[in-house]
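Colleague: Before the assignments are used further, I should like to go through the reasoning behind them. Please set each value against its criterion.

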Amino acid sequence: MIKLLRIEIKKILTYKIFWILFGLYFFFLACGILMAEFMINNIVDDMNRHLPIPFPHVAIYYFPDVWQNLTFFASIRFVLIFPAMIIMILITNEYTFKTIRQNIINGMSKAEFLASKLQIIFIMALFTTLVLAIGALIIGISHSGFDNMAILSKGIPFIVGFFISILTFLIYAFFLAFMLRNTGLSIAVFTLYSLIIEPILFTFLKSPYIFKNKIFEYLPVNAAISITEYPAIPVLKKVMGLELQPNVTLTSCLIPILNSAILIGIVYWVTTKKDL
Amino acid sequence: MSTILSIHSLSKRYGKIQAVDDLSFEVLKGQVFGLLGPNGSGKTTTLSIILDLIHQDKGSFTWFDSLPGKESRKRIGSVIESPNFFPYLSAYKNLQIVADIKDKTYDDIDRVLKLTGLYDRRNSKFKTYSFGMKQRLAIASALLSDPDVLILDEPTNGLDPQGIAQVRDLVINIANHGITIILASHLLDEVQKICTHVAVLHKGKKLFSGEVKKVLAISDSFELSSANPEILQKAISIHPMFQSSSQNGLLLQVYFKGMVEPGELNSFLFQQGIVLTHLSERKRSLEQHFLELLEDKS
């Protein structure tokens, strides 16, 4: 396993496009997180112009809400699509350069090849989660100070939930890249599906007049990104009638994990059966 | 001699096209084995199957007398089709990846880079290489840490004459070191120059296989002349292998049923009191043989 990781790191280390995209991802992630409060309050100001009793400004960077808010913003599909693209590029490159063939010829097994890509996904998800956790801690402390350890334990479920969000989202990208084997095509299909097709499907299935079940909860992308379902912003409850999410539930974590396990199984089955 | 590769009635079909058709052959240690056939005769498909890139429909194969797998592939060095490397990595880094996969150290990288004349450019990115250099890097990668067998698929394809000469010298040099080589080519003179054994493929079927030396040694005619053509004709017609003859200007063209050595023929005639003024062997080249085989089958 260490050997596979060493190979994978060599493939990435001097790959400029990877580092540019990875850097951009963190840049936009940081911008989004730091500007979220300002932007939400802009909307609040807009609304207040038409209301007799104005809403108060929101504050999203205080403990313990900062955990839920940051993991919510970081797991928005428009944000997660960035690392997903990186993964799809890394995988489909192997087909474009035909280096997957060369790796197999040289004595790698197909299972090892898949494992090496899953390792990178795991590390990328872990790294992003750590950065987010440290970021949330710093932002939280700078806004509300550090008084007890309880504020940390409150954050752990959301941080673990985010890790599962990004991990499973990236595994969907892994699945599509191995199925389509083409950079442009897999990015286009993935973007189209996760940003447009599934949200439409979701709205349609959720409409209580059409379906009386909770099938929408199982839509893969939605399941992955909804572990932190809403930000902890009280004003939303009043405006949109949303229930505030008290904590991350086990079910919401298990659905995307199960989805990803099935997709990894399909990738394994197809890749070992199909000619290269 | 130990068996390197053994293929048993391998078949692969792509839709309507039977790419490989009931193919069997064996490669023994130390052989330089040529897979000869026109484009589309199933050479690359066969090599792709034995390297586990594609699945055969029928048949089986073994490497080093055992079932194929990733461990056997680590003992094989191969150059298949175009050179496949990461364009943004240097030659050196690309070879490090190859060494990692094969569970080998990096000690041998400098040697193979020097051998293929790429040492000075080892830190240049692969994408900056000319086609000839890319091809040589592929060979360097195949030679890394002394494989037990080398597979070369059209190694001189797309190279300029100088590059072709370099690659051929390299291959002959490697063969002289006792490394078994399997070489696929559509070029007859390439197989003639490099290989010890050959299997001729056409439309996925094996037409013929054997030692290149034997194939080349089939002499189907001699051109003879002496002071008296009529006596010569009479004398030659009693040779035990004689088949037919025809007068061709001053030269007598003689066909035999099998192999006849020129020295033996000369002494046979000399014993009958004939001194030859001209004796030349008309070898049937692999090329002619190949074309004849193709004509027979179609």
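**Reasoning behind the assignments**

Modeller: In helix α8(A), the buried residues are Ser186(A), Ile187(A), Phe190(A) and Ser194(A). This is a predicted model.

Colleague: What do the buried residues of α8(A) pack against?

Modeller: They pack against α4 (77-96), α7 and α9 (220-225) of chain A.

Colleague: How do you know that the length of α8(A) agrees with that of a helix?

Modeller: Helix α8 covers residues 183-206 of chain A, which is 24 residues, and at 1.5 Å a residue these should span 34 Å. The end C-alpha atoms are 32 Å apart, so the two values agree. There is nevertheless a kink of about 40° in α8(A), centred on Tyr193(A).

Colleague: What makes the span of α7(A) agree with expectation?

Modeller: The 31 residues of α7(A), residues 150-180, should span 45 Å at 1.5 Å a residue; the end C-alpha atoms are 46 Å apart, and therefore the span agrees. A kink of about 30° lies at Ile156(A) in this helix, shortly before the proline Pro157(A). Just after α7(A), Arg181(A) takes a positive phi of about 60°.

Colleague: Why is Phe208(B) called partly exposed?

Modeller: Phe208(B) has 15 C-beta neighbours inside 10 Å. A buried residue needs 20 or more and an exposed one has 12 or fewer, so Phe208(B) counts as partly exposed. Phe208(B) is found in strand β9 (residues 205-211) of chain B. Between Phe208(B) and Pro83(B) there are 30 Å from C-alpha to C-alpha, at a sequence separation of 125 residues.

Colleague: What makes β8(B) and β9(B) a pair?

Modeller: At least two bridges are required, and strand β8 (residues 197-202) of chain B shares six with β9(B), in the antiparallel sense; the two strands therefore pair. Ala199(B) stands opposite Ser209(B) in β9(B). The hairpin of β8(B) and β9(B) has two residues between the strands, and in it Lys203(B) takes a positive phi near 50°.

Colleague: Why is strand β11(B) called hardly covered?

Modeller: Strand β11 comprises residues 242-248 of chain B, and the count of buried residues among its seven residues is zero. Burial needs 20 or more other C-beta atoms within 10 Å, so no residue of β11(B) meets that criterion.

Colleague: How do you know that β11(B) pairs with β12(B)?

Modeller: Six bridges join β11(B) to strand β12 (residues 251-256) of chain B, in the antiparallel sense. Since the criterion is at least two bridges, the strands therefore pair. Within this pairing, Phe242(B) has Phe256(B) as its bridge partner. The strands form a hairpin with two residues between them, and Gly249(B) in the turn has a positive phi of about 65°.

Colleague: Which residues have the most contacts inside the largest nonpolar core?

Modeller: That core has 70 residues, and Leu5(B), Ala140(B) and Leu144(B) are among those with the most contacts inside it. Helix α5 (residues 131-143) of chain B gives the most to this core, with seven residues. Apart from it lies another core, of 56 residues, among them Trp67(A) and Phe162(A).

Colleague: How many residues does each chain bring to the contact between chains A and B?

Modeller: Chain B brings 23 residues and chain A brings 22 residues. On the side of chain B that touches chain A, α3(B) gives the largest share, six residues. By class, that side has twelve nonpolar, four polar and seven charged residues.

How values were computed
Residues numbered from 1 in each chain as written. Chains lettered and ligands numbered in written order. Predicted model: local features only at pLDDT ≥ 70, side-chain atom pairs only at ≥ 80, totals over all residues. Core = buried A, V, L, I, M, F, W, Y, C linked by C-beta atoms within 7 Å. Helix = DSSP H or I, 4+ residues; strand = E, 2+ residues; numbered from the N terminus. Contact = placed C-beta atoms within 7 Å. Nonpolar A, V, L, I, M, F, W, Y, C, P; charged D, E, K, R; others polar. Expected span 1.5 Å × (residues − 1). Bend = angle between axes of the 7 residues up to and from the residue.
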